[in-house]
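Hi,

Here is the structure I said I would pass on. Have a look at it first, and then read my notes underneath.

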Amino acid sequence: MSVRIISAAVGIAIAIAVFFLHNTIVFPLAVSFLVAIMIFELFRASKCENFYVQLSVAVAYGVLKIMSYGNFIEEFMFPASLLAVFIMFFMFIKNHKETTYQQTAFMLAVMMLIPESMLTILKTEALDDKHGIVFLILGLCGAWIADSGAYFAGTFFGKHKLCPEISPKKTVEGFIGGIVSTALVFVLFNAVYVNFISSEKLEVNYILLAFAGAVCAVIGTVGDLSASMIKRQCGIKDYGNIMPGHGGMMDRFDSVLFVMPTFYAFLSFMDIYK
């Protein structure tokens with residue numbers, strides 16, 4: 001337990017430092033690091049880590065995708081993506097005796113989807129010069145608060161298993177508790193920020209915000225169960241041990257991969273803030 005607490009404390013300290021430096025190159029570098037580790041963990045889970053060319057291409061593309069956001073390199077990402085896909089299929093043909101089409105499809109999906117999803121972290125922060133970092137923190141809360149709320153609700157009230165074959169500890173009561181707790185946190189967090197922290201007036205549609213929180217909790221659960229299903233089918237307990245007591249980056253950010261794009265869509269297409 002002490003190892004888990006210390007690991008979490010170190011992770012939180014690093015996150016706070018990155019948030020303070022969100023206007024510097026440290027921010028995209030940190031997200032790029034996460035993307036690279038998550039791609040590697042998924043390749044390793046699917047026993048594709050020995051396909052060194054494909055792994056290198058996937059990691060390079062993922063890092064370039066993040067680092068190119070908002071600068072001139074972004075204009076070259078479409079041809080870069082075509083080149084990356086071409087190399088993947090070329091290696092599939094070249095090593096057809098060692099590589100299956102299922103592995104190639106999985107590697108392609110990981111290469112494209114992980115950086116695209118994590119890019120919404122940068123996009124959310126960039127939505128507003130003053131409030132963007134707050135939106136980002138709220139989105140991350142949508143991923144992690146639901147998990148904590150579900151844990152406590154499930155511990156005290158859990159009786160009915162949600163998906164016993166995938167995640168035996170998850171309960172229907174915990175799932176509902178995660179939805180309610182996330183909606184409440186979204187509303188309370190914004191109420192405190194708008195009334196006591198923000199230096200300028202910011203109108204919030206709290207009904208829509210609570211709905212966004214509830215949806216993020218549901219989507220986050222889908223992300224968590226999807227990552228658990230991959231682990232179960234790959235026969236592993238954790239994706240890695242980069243965070244002692246917590247597992248790998250995929251273990252910590254599986255919900256984020258689903259929640260951040262969802263929350264970014266809410267902020268982009270609905271009038272939550274005015």
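Let's start with Val63: at 27% relative accessibility, this residue counts as partly exposed, because that label covers whatever lies between buried (under 20%) and exposed (over 50%). Before you go on, keep in mind that this is a predicted model. You'll find Val63 in helix 3, which covers residues 52-67. If you want a feel for distances, try Val63 and Gly178: they sit 115 residues apart along the chain, and their C-alpha atoms are separated by 32 Å.

Next, the salt bridges. How many does a search of the whole structure find? It finds four, and I'll take you through some of them.

Staying in helix 3, look for Lys65, which is in that helix. The side chain of Lys65 meets that of Glu116 in a salt bridge, at 3.3 Å from N to O. Glu116 belongs to helix 5, so to speak a distant part of the chain, with the two positions 51 residues apart. To put it plainly, the pair links distant parts of the chain, 51 residues apart. Are these two partners buried or exposed, or something in between? Lys65 counts as buried because its relative accessibility is 16%, while Glu116, at 36%, counts as partly exposed.

A second salt bridge joins the side chains of Lys231 and Asp251, with an N to O distance of 2.9 Å. This pair also links distant parts of the chain: Lys231 is in helix 8 and Asp251 is in helix 9 (residues 249-269), 20 residues apart. Here both Lys231 and Asp251 are buried.

Then there is the salt bridge between the side chains of Asp238 and Lys237, at 3.7 Å from N to O. Asp238 has 32% relative accessibility, so it counts as partly exposed. Lys237 is exposed, because its relative accessible area is 69%.

Now for how some of the helices pack. Try turning the model until you can see helix 4 (residues 77-94) and helix 5 (residues 101-125) together: they pack at an angle of about 160°, and their axes are 10 Å apart. That angle makes helix 4 roughly antiparallel to helix 5, because anything over 145 degrees gets that label. Their crossing is right-handed. Helix 5, by the way, is where you met Glu116 a moment ago.

The other pair to look at is helix 6 (residues 132-157) with helix 8 (residues 206-234), which pack at about 60° with their axes 8 Å apart. Helix 6 is therefore oblique to helix 8. The crossing of helix 6 past helix 8 is right-handed. Helix 8 is also the home of Lys231 from the salt bridge with Asp251.

Last, the surface. Which residues make the nonpolar surface patch? They are Ile12, Ile16, Phe20, Leu21, Ile25, Val26 and Leu29, and the patch comes to about 670 Å². Two elements give two or more residues to this patch, namely helix 1 (2-20) and helix 2 (26-45). Helix 1 gives the most, with three residues. One patch residue to pick out is Phe20, which has its place in helix 1. Phe20 counts as exposed because its relative accessibility is 69%.

Have fun looking around!

Notes
Residues numbered from 1 in each chain as written. Predicted model: local features only at pLDDT ≥ 70, side-chain atom pairs only at ≥ 80, totals over all residues. Heavy atoms only, no water. Patch = residues over 30% accessible without salt bridge, like charges linked within 9 Å, V, L, I, M, F, W, Y side chains within 5 Å. Areas by Shrake-Rupley, 256 points an atom, 1.4 Å probe, with all protein chains shown as cover. Helix = DSSP H or I, 4+ residues; strand = E, 2+ residues; numbered from the N terminus. Buried < 20%, exposed > 50% of the residue type's maximum accessible area, 1.4 Å probe, protein only. Axes fitted to C-alpha atoms, helices over the stretch in contact; angles between N-to-C directions. Parallel < 35°, antiparallel > 145°, perpendicular 65-115°, else oblique. Left-handed = near helix turned anticlockwise from the far one by under 90°.
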